[in-house]
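Student: Could we go through this structure together? I would like to learn how the labels follow from the values.
Tutor: Gladly; let us look at it first.

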Amino acid sequence: TDLKLELTKELFNEKLVVTIGGNVGLEGEQKQSGVKNLAQDVILEYKLDTQGTYRLKAFRKNQYEGVIDGELTKTGVGISLSTEFESWEDFFRELRSGKKKR
């Protein structure tokens, strides 16, 4: 049994979001190494505009993929687009208007 913990902090006028976390084993063999596994995942997000719609993201994650693959470390960089809608109606209205513009 594992417990997933994460800590998120926004820095530099909320432009940079830092998330650190990991899994802590509550029972079994992993119980002894629980504290050192606490900071194994790191995610950095930088908001490219003032609303945070466009973001540059870098991450490092440790994952257990099974007996054959074992413990894997995944790293990557990406750009994301995030938009919020008040209702499903607003979402579908934006979706329809986006198709007409193309």
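Student: Which residue stands opposite Glu 6 in strand 2?
Tutor: The residue opposite Glu 6 is Gly 21, in strand 2. Keep in mind that this is a predicted model.

Student: What makes strand 1 and strand 2 count as a pair?
Tutor: Two strands pair if DSSP finds at least two bridges between them. Strand 1 (residues 2-11) and strand 2 have 10 bridges, in the antiparallel sense, so they meet the rule. Their hairpin has 4 residues between the strands, and Phe 12 there takes a positive phi near 55°.

Student: How do you know that strand 2 and strand 3 pair?
Tutor: The count there is 6 bridges, again antiparallel, and the rule asks for at least two. One of the partnerships joins Leu 16 to Tyr 46 in strand 3.

Student: Why is strand 2 called mostly covered?
Tutor: A residue is buried when its relative accessible area is under 20%. In strand 2 (residues 16-25), 8 of the 10 residues are buried. For the chain, with its 102 residues, the buried share is 21%.

Student: What is the overall pattern of the chain?
Tutor: Read along the sequence, the pattern is β-β-β-β-β-α, with 5 strands and 1 helix.

Student: Why is Tyr 46 called partly exposed?
Tutor: Its relative accessible area is 38%. Buried needs under 20% and exposed needs over 50%, so Tyr 46, at 38%, falls in between and is partly exposed.

Student: Which residues make the nonpolar surface patch with Tyr 46?
Tutor: Tyr 46 is joined there by Leu 48, Tyr 54, Leu 56, Val 77, Ile 79 and Leu 81, and the patch is about 740 Å². Patch residues need over 30% relative accessible area, and Tyr 46 has 38%. Strand 5 gives the largest share, 3 residues. Strand 4 (54-64) and strand 5 (71-81) each supply at least two.

Student: Is Gln 63 buried, exposed or partly exposed, and what makes it so?
Tutor: Gln 63, which lies in strand 4, has 30% relative accessibility and counts as partly exposed, because that value is between the 20% and 50% cut-offs.

Student: What does Gln 63 touch?
Tutor: Leaving out residues up to four places away in sequence, Gln 63 touches Gly 70, Glu 71, Leu 72 and Lys 74. The C-alpha atoms of Gln 63 and Gly 22 are separated by 9.6 Å, though these residues are 41 apart along the chain.

Student: How many aromatic pairs are there?
Tutor: The count is 4 aromatic pairs. One is Trp 88 with Phe 91, at 5.8 Å centre to centre and 90° between the planes.

Student: Why is the pair of Trp 88 and Phe 91 called edge-to-face?
Tutor: Ring centres must lie within 6.5 Å, and planes over 60 degrees apart count as edge-to-face. The pair has 5.8 Å and 90°, so both conditions are met. Trp 88 and Phe 91 are 3 residues apart in helix 1 (residues 88-101), which means about one helical turn separates them.

Student: What makes Phe 91 and Phe 92 edge-to-face?
Tutor: Their centres are 5.2 Å apart and their planes are at 70°, so that pair is edge-to-face too.

Student: Why is Trp 88 called exposed, but Phe 92 partly exposed?
Tutor: Trp 88 has a relative accessible area of 65%, which is over the 50% cut-off for exposed. Phe 92 has 40%, so Phe 92 lies between the 20% and 50% cut-offs. Ring pairs link Trp 88, Phe 91 and Phe 92 with Phe 85 into a cluster.

Definitions and conventions: Residues are numbered from 1 along each chain as its sequence is written. This is a predicted model: local features need pLDDT of at least 70, side-chain atom pairs count only at pLDDT 80 or more; totals for chains, interfaces and linings use all residues. Side-chain values use heavy atoms; hydrogens and water are left out. Patches are made of residues with over 30% relative accessible area and no salt bridge: like charges are joined within 9 Å, nonpolar side chains (Val, Leu, Ile, Met, Phe, Trp, Tyr) within 5 Å. Accessible areas come from the Shrake-Rupley method with a 1.4 Å probe; for residues, only the protein chains shown count as cover. A salt bridge is a side-chain nitrogen of Lys or Arg within 4 Å of a carboxyl oxygen of Asp or Glu. Buried means under 20% relative accessible area, exposed over 50%, partly exposed in between (1.4 Å probe, protein chains only). Contact means heavy atoms within 4.5 Å. Rings of Phe, Tyr and Trp (its six-membered ring) pair if their centres lie within 6.5 Å; planes under 30 degrees apart count as stacked, over 60 as edge-to-face and the rest as tilted.
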